[in-house]
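Colleague: I'd like to learn how to read a protein model, one feature at a time. Can we walk through one together?
Modeller: Sure, here it is.

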Amino acid sequence: MTGLSDDKKLVLLCRIEPGCLGPDGIDHIANFCRFANGALKRVDAEFIKWRPLPRYDKSLDEIEYSIAGKGLTRPQAAQYLAVFDKSLEEFEEHFHDTLTELIDIYLAKK
């Protein structure tokens with residue numbers, strides 16, 4: 001399946017801890033999220049919309065899934081990904097690996 005309309009794509013909202021950018025991360029997290037959003041647009045773009053945001057409130061989940069504004073549970077997100085022959089665990093692991101690479105790239109440019 002390619003060419004899904006945006007309202008059919010899985011939205012992955014990821015709240016990123018400022019501390020992952022070092023002791024002054026709070027000063028850079030908003031810019032990093034904009035940088036990550038641009039880079040992530042090319043990752044699994046046929047079925048995923050990425051929403052990296054700063055995680056200022058630790059009471060909110062790190063990752064949330066939705067489609068067309070409707071929240072999904074982890075099992076529902078897993079079902080969606082299964083259509084694309086992806087497992088949720090492998091998908092999240094790949095996302096975290098990609099995020100780590102983006103952090104390294106961003107910090108090298110600072």
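Colleague: Let's start with one residue: is Phe84 buried or exposed?

Modeller: Keep in mind that this is a predicted model. To decide, look at the relative accessible area: under 20% counts as buried. Phe84 comes out at 14%, so it is buried.

Colleague: Which ring does Phe84 pair with, and how do I name that kind of pair?

Modeller: You look at the angle between the two ring planes, and under 30 degrees counts as stacked. The partner of Phe84 is Phe47: their ring centres are 4.2 Å apart and the planes make 10°, so this pair is stacked. Phe47 sits in the loop between α1 and β2, while Phe84 sits in the loop between α2 and α3, so the two rings tie together parts that are 37 residues apart in sequence. Phe47 is buried as well, with a relative accessible area of 2%.

Colleague: How many aromatic pairs does the structure hold?

Modeller: There are 7 aromatic pairs. Another one to look at is Phe35 with Tyr106: the centres are 5.7 Å apart and the planes are at 45°, so you'd call that pair tilted. Phe35 belongs to helix α1 and Tyr106 to helix α3 (residues 88–109), and the pair links distant parts of the chain, 71 residues apart.

Colleague: What about accessibility for Phe35 and Tyr106?

Modeller: Phe35 has a relative accessible area of 23%, which makes it partly exposed. Tyr106, at 12%, counts as buried. Ring pairs also bring in Phe32, linking it with Phe35 and Tyr106 into a cluster.

Colleague: Now the sheet. In what order do the strands come?

Modeller: Read a sheet sideways, from one strand to its neighbour. Here 4 strands form an open sheet in the order β2-β1-β3-β4, with mixed pairing. The edge strands, β2 (48–54) and β4 (70–72), each pair on one side only. From one strand to the next, the twist averages 30°.

Colleague: How many bridges join β1 to β3, and which way do the strands run?

Modeller: Strand β1 (residues 10–16) and strand β3 (residues 63–67) are joined by 4 bridges and run antiparallel. You can follow one of them on screen: Cys14 has Ile63 in β3 as its bridge partner. Next along, β3 and β4 also run antiparallel, with 3 bridges between them. Here Tyr65 has Leu72 in β4 as its bridge partner.

Colleague: And where do the helices lie on this sheet?

Modeller: Helix α1 (residues 29–40) lies across β1 and β2, and runs at about 170° to β2. Helix α2 (residues 74–82) packs on the sheet too, touching β1, β2, β3 and β4, and its direction makes about 90° with that of β4.

Colleague: I keep hearing about phi. What sign should I expect?

Modeller: Most residues other than glycine have a negative phi. With that in mind, look at Ala68, where phi is near 50°, a positive value in a residue other than glycine. Ala68 is in the hairpin of β3 and β4, which has 2 residues between the strands. At 56% relative accessibility, Ala68 counts as exposed.

Colleague: Where is Asp85, and what is its phi?

Modeller: Asp85 is in the loop between α2 and α3. Its phi is near 55°, again a positive value in a residue other than glycine. Asp85 is exposed, with a relative accessible area of 73%.

Colleague: Last topic: how many disulfides does a search of the whole structure find?

Modeller: A disulfide is a covalent bond between the sulfur atoms of two cysteines. A search of the whole structure finds 0 of them.

Colleague: Why is there no bond at Cys14?

Modeller: Check the distance between sulfurs, with 2.5 Å as the cut-off. For Cys14, the closest cysteine sulfur is in Cys33, 8.1 Å away, so that's too far for a bond. Cys20 also has the sulfur of Cys33 as its closest cysteine sulfur, at 8.0 Å, which is too far for a bond. As for their surroundings, Cys14 is buried, with a relative accessible area of 1%, and Cys20 is partly exposed, with a relative accessible area of 31%.

How values were computed:
Residues are numbered from 1 along each chain as its sequence is written. This is a predicted model: local features need pLDDT of at least 70, side-chain atom pairs count only at pLDDT 80 or more; totals for chains, interfaces and linings use all residues. Side-chain values use heavy atoms; hydrogens and water are left out. Two strands pair if DSSP finds at least two bridges between them. Axes are lines fitted to C-alpha atoms, for helices over the stretch in contact, and angles run from 0 to 180 degrees between N-to-C directions. Contact means heavy atoms within 4.5 Å. Rings of Phe, Tyr and Trp (its six-membered ring) pair if their centres lie within 6.5 Å; planes under 30 degrees apart count as stacked, over 60 as edge-to-face and the rest as tilted. Buried means under 20% relative accessible area, exposed over 50%, partly exposed in between (1.4 Å probe, protein chains only).
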